[in-house]
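The exercises below are meant to be worked through with the sequence and the 3D view side by side. Each one sets a task and then solves it in steps.

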Amino acid sequence: MNMPLTKHTMQNTGEYGLQEIRERLYKSKAVTILAGAGISAESGVPTFRGKDGLWKNFRPEEMATSEAFKQEPRLVWEWYDWRRRALASLKPNAAHLAIAEIEKRVKEFTLITQNVDGLHQLAGSKNIIELHGNIWRVKCLSCNKVNANREVPIKILPFCECGGLLRPDVVWFGEMLSDNNLTKAFVAIDNSDFMFVIGTSGIVQPAASFALRAKDEGAFVVEINIEKTPLSASVDATFIGKAGDILPQLL
Ligand code: BV8
Ligand code: ZN
């Protein structure tokens, strides 16, 4: 990695302007993006911890768990069905589209998303790692078969043709992420010399440690968020603003 490690981390001191970021981005050997719920906010998807966030009305840490599903499968499916119905009419926003465009313009690109809404695919992104799964897929508790399912509303409770109960194919709190996805994410992070961390509060593990890992591997890491996060202290540059405003300026 011949990218000079920056001595100091900057808190949006404006040391690196967008021009410098643009130059570094397009000169880079391999780019990795870690996306969080903030990317979909401008499409109207409620974030987890924002003021109108999902955490307000529900406690996802209690609802998005296999214990909750075991106890109250109907209630958990009602929550996911409500989220799917809200999502069904939403479109990718300028941030999703800019990410899809950047992928076409750089040598190597990997998008690691924590989002389960499938909007990156709709925007045309190709090389995507869905770290936390996808709300438009279901998994059978009996035969483990995974299928796409876009029924809106979905019949509650949904069953597999084998008779097994279906669950959303997302990673719940307390569940391990798929080895395959984690390995692919680590390979991408370790191989990249430029990383964007966009629209994530940097709370949920293990994704929250990816920026640090990239820094340790010598990458230049840029955060885009509407506010500072726990990651801001350890990245090379933080741009405070909406992803949908900032990313298109990099094209
Ligand atoms: C794991 C899918 C090993 C489901 C999600 C105690 C018991 C058990 C586990 C733990 C525990 N303590 C800690 C843990 C580990 C836990 C964890 O990290 N908990 C946190 C809450 C502390 N992690 C796990 O359990 C993970 N598995 O660790 O396995 C293990 C096993 C057993 C025991 C221990 C460890 C699994 C985590 C995956 C959970 N599933 N989603 C579903 O969606 O229903 S996580 C969920 O949060 C979403 O995927 C979301 O993407 C993700 C992260 O949130 P963010 O994306 O950051 O979104 P957030 O709302 O927080 O922030 C939005 C950001 O955008 C904000 O910063 C905001 O400022 C910014 N923003 C807003 N608008 C804009 C913007 N930025 C730019 N532009 C804008 N317009
Ligand atoms: Zn089945």
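## Exercise 1: A buried aspartate

The side chain of D117 makes a polar contact with the side chain of S40, at 2.5 Å; a polar contact is a pair of N or O atoms within 3.5 Å, where within protein one must be able to donate a hydrogen and the other to accept it, and residues adjacent in sequence count only if both atoms are side-chain atoms. Before going on, note that this is a predicted model, in which local features need pLDDT of at least 70 and side-chain atom pairs count only at pLDDT 80 or more, while totals for chains, interfaces and linings use all residues. Residues are numbered from 1 along each chain as its sequence is written, chains are lettered from A and ligands numbered from 1 in the order in which they are written, and side-chain values use heavy atoms, with hydrogens and water left out.

Task: describe where D117 lies and which residues D117 touches.

Solution. Begin with the position: D117 sits in the loop between β2 and α8 (119-123), where helices (H or I, at least four residues) and strands (E, at least two) are DSSP runs, numbered from the N terminus. Next comes accessibility: D117 has a relative accessible area of 6% and is therefore buried, given that buried means under 20% relative accessible area, exposed over 50% and partly exposed in between (1.4 Å probe, protein chains only). Finally, not counting residues up to four places away in sequence, D117 touches S40, V45, L87, I135 and W136, contact being heavy atoms within 4.5 Å.

## Exercise 2: The zinc site

Task: find which atoms coordinate the zinc ion (ligand 2), and work out which parts of the chain the pair C143 and C162 ties together.

Solution. The first step is to list the donors: the SG atoms of C140, C143, C160 and C162 coordinate the zinc ion (ligand 2) at 2.2 to 2.3 Å. Donors here are N, O and S atoms within 2.8 Å of the metal (3.2 Å for Na, K and Ca), and water is not among the atoms, so sites may look incomplete. The second step is geometry: the angles among the four donor atoms run from 103 to 122°, and the site is tetrahedral, a label that four donors receive if all angles lie between 85 and 135 degrees. The third step is spacing, which along the chain follows C-x2-C-x16-C-x1-C. Because C143 belongs to the loop between β4 (133-140) and β5 (146-148) and C162 to the loop between β5 and β6 (166-170), the pair ties together parts that are 19 residues apart in sequence. As to accessibility, C143 is partly exposed at 35%, and C162 is partly exposed at 44%.

## Exercise 3: One face of a helix

Task: decide how the buried residues of α9 are arranged around its axis, and state what they pack against.

Solution. Start with the extent of the helix: α9 (residues 179-191) has 13 residues and reaches 18 Å from its first C-alpha to its last, close to the 18 Å expected at 1.5 Å a residue, the expected span being 1.5 Å times one less than the number of residues. Then pick out the buried residues, which are N181, L182, A185, A188 and I189. Seen down the axis, these buried residues fall within an arc of 130°, so they line one face of α9; the arc is that of the directions from the helix axis to the C-beta atoms. On the other side of α9, D179, N180 and V187 are exposed. The buried residues pack against β1, β2 (109-113), β3 (128-130), β7 and α10 (210-216).

## Exercise 4: Two residues of strand β2

Task: compile the contacts of T110 and I112, leaving aside neighbours within four places in sequence.

Solution. Take T110 first, a residue of strand β2 that counts as buried at 13% relative accessibility. Its contacts are V31, T32, I33, N127, I129 and A188. Then turn to I112, which is likewise in strand β2 and is buried at 0% relative accessibility. The contacts of I112 include T32, I33, L34 and A35, as well as A185 and I189; A185 and I189 are among the buried residues of α9.

Methods
Tetrahedral: all angles 85-135°; square planar, octahedral: opposite > 155°, others 65-115°.
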